[in-house]
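Colleague: I have a model open and would like to learn how to read its domains and salt bridges. Could you take me through them?

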Amino acid sequence: PMGDAPVPELEAVLDGGGWDVGTPLEGSPAPPGPVRLGRNVCYVVLAVLFNQEGALLLVQEAKPECRGRWYLPAGRMEPGEGIAAALRREVREESGLDCEPLTLLALEERGPAWIRFAFLARATGGTLKTLEDADSESLQATWWPGDPRSLPLRSLDILPVLELATRYRRSPAHPPTLPRELPCSPLCLRLLLPFSNAAGHLWLLLATSGTLHLPVVACGTCPSELRAGLRSPLLRLLRERLGWEPQPRALGLLGLQHRPGDTEAGGTDGICFNVVLSVPPGSQREEPPEPRDPALCWWPVREERLRGRVLQRMRATVPVRS
């Protein structure tokens, strides 16, 4: 029945919001250990800003290994710092400008040990750094009107992000997506897994412990998954708990939640990523696979409005680049 399903949680996730992360987590072979920035995880922020004329904000590196080369404002998050706050700090330190994030453009990851948040942002004030202001953060900043590839770049890895930013400004591929401030102890994924058949029927995978809810899977609970990509624990869940080994498409991000913790007082730097994992029709059957684990079940989405929202959001997510 509709009343038994997690409709408020599902609506929040589809809206790009967050929801409390309960315990226990589904599919975890061992309890997740504390998430500590600088110890077992590294979070990086990166900012794409354009001015009114369409010029791109670039900063000239001061680090010895790449001194004089150009890059987007970027840097590591610090313990006790929120994601948006880290972005504002890095842009201010490296360019002299104040900014506000507009949306996440991409989540780039090498497994739970290294995650980069690439944002589209806008300048709100400040003064562009010049060579007279050079320090250990950067030598200077500029609004570059041409092709950034005509400059000596620190790395070409920013080019795909710039392409996403250009496309988003022209035609947004997903709603504005920003971190929501909600606590999360582990680094984990809240899974929206839709299953549809040729007749157009739609099911969602739910967890049954306590009240019905979207499954939440911890990342990096075993050494082999620390650099194996964020899809790895989800595929393990499907394989071990469902006996199903589909070839799903790439992850799409619907939203994320994080509240900086006081690590000195026992807090952690966990993040919950609300993700959708879609399975292409060619690998589907007429009905979803029967779960091996009673802690999981399939819920048929019969309400047409909600079904439409799920299908629409499957096509409108922040890309997760592994």
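**Two domains and their contacts**

Modeller: Happily! The domain assignment of the protein gives domain 1 (7–35 + 185–319) and domain 2 (42–170); such bounds come from an automatic or database domain assignment. This is a predicted model, in which local features need pLDDT of at least 70 and side-chain atom pairs count only at pLDDT 80 or more, while totals for chains, interfaces and linings use all residues. Residues are numbered from 1 along each chain as its sequence is written, and side-chain values use heavy atoms, with hydrogens and water left out.

Colleague: How many residues of domain 1 and domain 2 are in contact?

Modeller: Contact means heavy atoms within 4.5 Å. Here 22 residues of domain 1 touch 19 residues of domain 2, and the C-alpha centres of the two domains lie 30 Å apart.

Colleague: What is the area buried between domain 1 and domain 2?

Modeller: The size of an interface is often given as the accessible area lost when the parts come together. Buried area is that loss with a 1.4 Å probe, summed over both parts. Between domain 1 and domain 2 it is about 1,500 Å², with carbon and sulfur atoms giving 72%. By class, the side of domain 1 that touches domain 2 has 13 nonpolar, 6 polar and 3 charged residues; Ala, Val, Leu, Ile, Met, Phe, Trp, Tyr, Cys and Pro count as nonpolar, Asp, Glu, Lys and Arg as charged, and the others, Gly among them, as polar.

Colleague: How many salt bridges are there between domain 1 and domain 2, and how many in the whole structure?

Modeller: A salt bridge is a side-chain nitrogen of Lys or Arg within 4 Å of a carboxyl oxygen of Asp or Glu. The count between the domains is 0, whereas the whole structure has 20. In one of them, the side chains of Arg309 and Asp15 meet at 2.6 Å, N to O. Arg309 lies in helix H5 (residues 304–314) and Asp15 in the loop between helix H1 (7–14) and strand S1 (42–49), so this pair ties together parts 294 residues apart in sequence. Helices (H or I, at least four residues) and strands (E, at least two) are DSSP runs, numbered from the N terminus.

Colleague: Is Asp15 buried or exposed?

Modeller: Buried means under 20% relative accessible area, exposed over 50%, and partly exposed in between (1.4 Å probe, protein chains only). Asp15 is exposed at 51%, and Arg309 is partly exposed at 22%.

Key. Buried area is the accessible area (1.4 Å probe) that two parts lose on being put together, summed over both.
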